[in-house]
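Work through the exercises below with the sequence and the 3D view at hand. Try each task before reading its solution.

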Amino acid sequence: MVIDYKIIGERIKKARKENRMTQEVLAEKADVTVGYISQIERGICKVNLDTLAVIASILDCEVNTLIDGTSHLNDSYLRNEITEKIMLCNDKQKKLILEFVDLLLEYDK
């Protein structure tokens, strides 16, 4: 898989919640089923561009905001993914991550 649909789904979910919208409301506005929205948000199915454009419009965001950096072929893909995960960590976890990275770099020498 070249595109990480899980990241796209996570971004849709985040934008939906920022808009204080339920899956049901988004599904109704997008003229799709709640199950389909759920599958998109979990990255289970590949959302087509037309549906993605409709969802982006409903959520008042740009399509590129939802898909930027999601290609495994894109250099920023892993950097963005790592950064997003680290931002969720507390200070103690961030310190452990730093120590682990230092160990990896030492091991590689």
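The exercises that follow concern a predicted model and go from the whole chain to single residues.

**Exercise 1. The overall fold**

Task: State how many helices and strands the protein has, and decide whether it is more spread out than a compact globule.

Solution.
Step 1. Count the elements: the protein has seven helices and zero strands.
Step 2. Write them in order from the N terminus, which gives α-α-α-α-α-α-α.
Step 3. Compare the radius of gyration with the globule rule. The radius of gyration is 17 Å, and the rule gives 13 Å for 109 residues; the value is well over the rule, so the protein is more spread out than a compact globule.
Step 4. Look at the box along the principal axes: the C-alpha atoms fill roughly 55 × 30 × 20 Å.

**Exercise 2. Surface, contacts and charge**

Task: Describe the burial, the exposed surface, the contacts and the charges of the whole protein.

Solution.
Step 1. Begin with burial: 31% of the 109 residues count as buried.
Step 2. Turn to the surface. About 7,900 Å² is exposed, and carbon and sulfur atoms supply 55% of that area.
Step 3. Take the contacts between residues at least 6 apart in sequence; 60% of these join residues at least 24 apart.
Step 4. Finish with charge. There are 16 positive and 19 negative charges, and their mean positions are 5 Å apart.

**Exercise 3. R11 and L66**

Task: Place R11 and L66 in their helices, classify each as buried or exposed, and find what each one touches.

Solution.
Step 1. Locate the two residues. R11 is in helix α1, which covers residues 5-18, and L66 is in helix α5, residues 63-67.
Step 2. Apply the cut-off for buried, which is under 20% relative accessible area. R11 has 16% and is therefore buried. L66 has 2%, so L66 is buried too.
Step 3. List the contacts of R11, leaving aside neighbours within four places in sequence: T65, L66, I67, D68, T70 and E84.
Step 4. Add the polar detail: a polar atom of the R11 side chain lies 3.5 Å from the backbone oxygen of T65.
Step 5. Do the listing again for L66, not counting residues up to four places away. L66 touches I8, R11, I12, L52, A56 and C61.
Step 6. Check one distance from L66. L96 is 30 residues away in sequence, and the two C-alpha atoms are 30 Å apart.

**Exercise 4. The loop between α4 and α5**

Task: Two residues of this loop are L59 and D60. Which of them is buried and which is exposed?

Solution.
Step 1. Confirm the location: D60 is in the loop between α4 (49-58) and α5, and L59 lies in that loop as well.
Step 2. Read the accessibilities. L59, at 3%, counts as buried, whereas D60, at 69%, counts as exposed.
Step 3. Find the partners of L59. Apart from residues up to four places away in sequence, L59 touches I12, A15, R16, N19, M21 and L26.
Step 4. Examine one of those partners, L26. It is 33 residues from L59 in sequence, with 8.4 Å between the C-alpha atoms.
Step 5. Inspect the backbone of D60: phi is near 55°, a positive value in a residue other than glycine.

**Exercise 5. The backbone at R20**

Task: Where does R20 lie, and what is its phi angle?

Solution.
Step 1. Find R20 in the loop between α1 and α2 (23-30).
Step 2. Read phi, which is near 50°; R20 is a residue other than glycine with a positive value.
Step 3. Classify R20 by accessibility: at 78% relative accessible area, R20 is exposed.

**Exercise 6. Y36 and N80**

Task: Classify Y36 and N80 by their accessible areas and describe where each one sits.

Solution.
Step 1. Place the residues: Y36 is in helix α3 (residues 34-41), and N80 is in helix α6 (residues 76-87).
Step 2. Read the relative accessible areas. Y36 has 21% and is partly exposed; N80 has 26% and is partly exposed.
Step 3. List what Y36 touches beyond four places in sequence: C45, K46, V47, N48 and T51.
Step 4. Take a C-alpha distance for each. Y36 and D60, 24 residues apart along the chain, are separated by 20 Å. N80 and D68, twelve residues apart in sequence, are 9.5 Å apart in space.

How values were computed:
Residues are numbered from 1 along each chain as its sequence is written. This is a predicted model: local features need pLDDT of at least 70, side-chain atom pairs count only at pLDDT 80 or more; totals for chains, interfaces and linings use all residues. Side-chain values use heavy atoms; hydrogens and water are left out. Helices (H or I, at least four residues) and strands (E, at least two) are DSSP runs, numbered from the N terminus. The radius of gyration is taken over C-alpha atoms; the globule rule is 2.2 Å times the number of residues to the power 0.38. Buried means under 20% relative accessible area, exposed over 50%, partly exposed in between (1.4 Å probe, protein chains only). Contact means heavy atoms within 4.5 Å. Accessible areas come from the Shrake-Rupley method with a 1.4 Å probe; for residues, only the protein chains shown count as cover. Lys and Arg count as positive and Asp and Glu as negative; His and the chain ends are not counted. The place of a charge is taken as NZ of Lys, CZ of Arg, CG of Asp or CD of Glu. A polar contact is a pair of N or O atoms within 3.5 Å; within protein, one must be able to donate a hydrogen and the other to accept it, and residues adjacent in sequence count only if both atoms are side-chain atoms.
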